[in-house]
Amino acid sequence: MSDATPSSDSPGFDEMARDIAEVPAVEVIVTVAVNLMSAAAVKLGLTEDGDAHKDLDEARKLIHALAGLLDASTTEISSFHAAPLRDGLKSLQLAFRETSLVPDEPGQGPGEKYTGPVFG
């Protein structure tokens with residue numbers, strides 16, 4: 001077993017597993033989605049620091065992962081949770097399209113494999 005793999009002998013592992021066991025799957029999915037959205041916004045340069053952390057290649061990966069997560073979890077989370085996440089995803093996709101110097105063809109932008117082409 002590698003040093004990076006947690007084991008039941010690790011301090012706090014049992015407590016962490018117990019805490020996770022109490023969290024509904026929908027909350028885990030939504031939390032991961034929000035974290036992906038936040039990271040993508042930073043990589044798009046949409047924060048106060050702007051261009052300091054801008055990296056469109058990284059933003060593309062994060063947006064694509066977010067779209068995949070939302071596509072895969074469509075039947076698992078309610079529209080109450082899914083609708084704002086889909087809106088956030090579309091906003092990120094549009095921001096990516098506006099920020100990119102070389103625009104992707106419709107349907108080829110980040111996450112559009114899952115969402116279809118995104119237009120303003």
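**View 1. The largest cavity of the predicted model and the residues around it.** The largest cavity in this predicted model encloses about 40 Å³ of space, and the structure holds one cavity of 30 Å³ or more. Its lining is made by Gln93, Phe96, Arg97, Pro103, Asp104, Gly109, Pro110 and Glu112. Helix 4, which spans residues 79–99, provides the largest share of this lining, namely three residues. Sorted by class, the lining of the largest cavity has three nonpolar, two polar and three charged residues.

**View 2. The largest pocket and the helices that contribute to its lining.** About 220 Å³ of space lies in the largest pocket, which is lined by 15 residues. Those nearest the centre of the pocket are Leu70, Arg86, Leu89, Tyr114 and Thr115. At least two residues of the lining come from each of helix 3, helix 4 and helix 5, the last of these covering 112–115, and helix 4 gives the most, with six residues. In terms of class, seven nonpolar, four polar and four charged residues make up the lining of the largest pocket.

**View 3. The packing of helix 2 against helix 3.** Helix 2 (residues 25–43) and helix 3 pack with their axes 8 Å apart and at an angle of about 160 degrees. Because angles over 145 degrees count as roughly antiparallel, helix 2 and helix 3 are therefore described as roughly antiparallel to each other, and their crossing is left-handed. On the side of helix 2, the contact is made by Ile29, Val32, Ala33, Leu36, Met37, Ala39, Ala40 and Lys43, while helix 3 brings Leu56, Glu58, Ala59, Leu62, Ile63, Ala65, Leu66, Leu69 and Leu70. The contact of helix 2 with helix 3 has 15 nonpolar residues, no polar residues and two charged residues.

**View 4. The crossing of helix 3 and helix 4.** The axes of helix 3, which covers residues 56–72, and helix 4 come within 10 Å and cross at roughly 155 degrees. Helix 3 and helix 4 are therefore roughly antiparallel to each other, and the crossing between them is left-handed. From helix 3, the residues Leu56, Ala59, Arg60, Ile63, Leu66, Ala67 and Leu70 take part in the contact, where they meet Leu85, Arg86, Leu89, Leu92, Gln93, Phe96 and Thr99 of helix 4. By class, the contact of helix 3 with helix 4 has 10 nonpolar, two polar and two charged residues. Some residues of this contact also appear in the views above: Gln93 and Phe96 line the largest cavity, and Leu70, Arg86 and Leu89 are among the residues nearest the centre of the largest pocket.

**View 5. The crossing of helix 2 and helix 4.** The axes of helix 2 and helix 4 come within 11 Å and cross at roughly 15 degrees. That angle makes helix 2 roughly parallel to helix 4, and helix 2 passes helix 4 in a left-handed crossing. Helix 2 contributes Val26, Val30, Ala33, Val34, Met37, Ala40 and Ala41 to the contact, whereas helix 4 contributes His81, Leu85, Gly88, Leu89 and Leu92. The residues of the contact of helix 2 with helix 4 divide into 10 nonpolar, two polar and no charged. Ala33, Met37 and Ala40 of helix 2 are also among the residues that make the contact with helix 3, and Leu85, Leu89 and Leu92 of helix 4 are among those that meet helix 3.

Notes. Residues are numbered from 1 along each chain as its sequence is written. This is a predicted model: local features need pLDDT of at least 70, side-chain atom pairs count only at pLDDT 80 or more; totals for chains, interfaces and linings use all residues. Side-chain values use heavy atoms; hydrogens and water are left out. On a 1 Å grid over the protein atoms alone, a cavity is a set of points where a 1.4 Å probe fits but cannot get out, and a pocket is an open set with protein on both sides within 12 Å along at least five of seven lines; lining residues have an atom within 4 Å of a point. Grid points are joined across faces, edges and corners, and a volume is the space filled by probe spheres set on the points. Helices (H or I, at least four residues) and strands (E, at least two) are DSSP runs, numbered from the N terminus. Ala, Val, Leu, Ile, Met, Phe, Trp, Tyr, Cys and Pro count as nonpolar, Asp, Glu, Lys and Arg as charged, and the others, Gly among them, as polar. Axes are lines fitted to C-alpha atoms, for helices over the stretch in contact, and angles run from 0 to 180 degrees between N-to-C directions. Angles under 35 degrees count as roughly parallel, over 145 as roughly antiparallel, 65 to 115 as roughly perpendicular and the rest as oblique. A crossing is left-handed if the near helix is turned anticlockwise from the far one by less than a right angle, and right-handed if clockwise. Contact means heavy atoms within 4.5 Å.
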